[in-house]
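Welcome! Please take a moment to look over the sequence and the 3D view shown here, and then read on for a short guided tour.

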Amino acid sequence: MSDVSNVTKVTDTSAMAEATSNTEATIGANSALIFHFDIKLADGSAADSTRVHNKPAKLQMGDASISAAFEAELTGLKAGDKKTFTLAPEDAYGMPNPDNIYFVDRSRFSADTEAKVGAIIGFSMPDGSELPGLIREVAGESVTVDFNHPLAGQTLTFSVEIMQVL
């Protein structure tokens with residue numbers, strides 16, 4: 001499943017200034033680019049934005065970190081271009097997978113990590129990484145945890161501004 005959130009957010013904007021960019025270069029199949037994005041839900045509410053902390057994203061086209069449909073929307077753009085487009089769930093964060101919903105015994109939660117509907121809790125994985133899960137329901141001793149991306153199943157509108165094509 002492709003996931004738009006896999007783009008890397010640039011944390012050092014001075015590195016962006018040092019990068020060489022051809023203002024005439026257009027985004028192609030193997031381009032690297034730095035860009036800002038805003039994501040809105042179907043009701044117009046904001047879901048995510050790189051502008052909040054002024055940390056643009058960096059993306060390598062063709063590395064399968066985003067969907068082909070998202071890449072197609074970026075192809076042909078150049079530094080300074082802005083574009084707004086809407087993607088179906090399958091082309092953004094995918095559809096929710098029922099296999100990513102787990103029922104966990106309430107006793108596995110501590111007083112510090114209360115099982116409360118709406119809470120996002122980090123769960124330790126066997127490899128040492130942490131996976132966020134959304135508490136969907138608490139019924140008796142059973143806690144329903146959803147590990148799908150929160151934007152899965154959503155039709156989303158993206159506004160992008162290309163800062164650099166590298």
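The report below goes through the overall fold, the sheets, the aromatic pairs, the pockets and two backbone details.

## The model and its overall fold

This is a predicted model, in which local features need pLDDT of at least 70 and side-chain atom pairs count only at pLDDT 80 or more, while totals for chains, interfaces and linings use all residues. Residues are numbered from 1 along each chain as its sequence is written, and side-chain values use heavy atoms, with hydrogens and water left out.

The chain has two helices and ten strands; here helices (H or I, at least four residues) and strands (E, at least two) are DSSP runs, numbered from the N terminus. Along the sequence they follow the pattern β-α-β-β-β-α-β-β-β-β-β-β. Of the 166 residues, 34% count as buried, where buried means under 20% relative accessible area, exposed means over 50%, and partly exposed lies in between (1.4 Å probe, protein chains only).

## An open sheet of four strands

Let us begin with an open sheet whose four strands come in the order β6-β9-β8-β7, with antiparallel pairing. Two strands are said to pair if DSSP finds at least two bridges between them. At the edges are β6 (101–105) and β7 (120–124), each of which pairs on one side only. On average, neighbouring strands here are turned by 45 degrees against each other, direction ignored; the axes are lines fitted to C-alpha atoms, for helices over the stretch in contact, and angles run from 0 to 180 degrees between N-to-C directions.

Inside this sheet, β8 (residues 130–139) and β9 (residues 142–146) are joined by five bridges in the antiparallel sense. If you would like a spot to look at, find E137, which stands opposite T144 in β9.

## Strand β10 and its partners

Strand β10 is mostly covered, as seven of its ten residues are buried. One partner is β2 (residues 32–40), which pairs with β10 in the antiparallel sense over eight bridges; K40 has T157 of β10 as its bridge partner. Another is β5 (residues 82–87), antiparallel to β10 over six bridges, and there F85 is matched with F158.

## Aromatic pairs

How many aromatic pairs does the structure hold? There are seven. Rings of Phe, Tyr and Trp (its six-membered ring) pair if their centres lie within 6.5 Å; planes under 30 degrees apart count as stacked, over 60 as edge-to-face and the rest as tilted. One of the pairs joins F35 and F37, and is tilted, with 5.9 Å centre to centre and 40 degrees between the planes. Both rings belong to buried residues: F35 has a relative accessible area of 0%, and F37 has 3%.

F70 and F158 make an edge-to-face pair, 5.1 Å centre to centre with 85 degrees between the planes. F70 lies in helix α2 (residues 68–74) and F158 in strand β10 (residues 156–165), so this pair ties together parts that are 88 residues apart in sequence. F70 is buried at 1% relative accessibility, and F158 is buried at 0%. Elsewhere, ring pairs link Y102, F109, F123 and F147 into a cluster.

## Two pockets

A pocket is found on a 1 Å grid over the protein atoms alone: it is an open set of points where a 1.4 Å probe fits, with protein on both sides within 12 Å along at least five of seven lines, and lining residues have an atom within 4 Å of a point. Grid points are joined across faces, edges and corners, and a volume is the space filled by probe spheres set on the points. The largest pocket has a volume of about 290 Å³. Its lining includes Y102, F109, F123 and F147, and β7 gives the most to this lining, with four residues.

The second largest pocket has a volume of about 210 Å³. Twelve residues line it, and the closest to its centre are P132, F147, N148, H149 and P150. Strand β8 gives the most to this lining, with four residues.

## Two backbone details

Most residues other than glycine have a negative phi. N54, though not a glycine, has a positive phi of about 50 degrees, and sits in the loop between β3 (46–49) and β4 (57–60). A64 also has a positive phi, near 70 degrees, in the loop between β4 and α2. A64 is exposed, with a relative accessible area of 60%.
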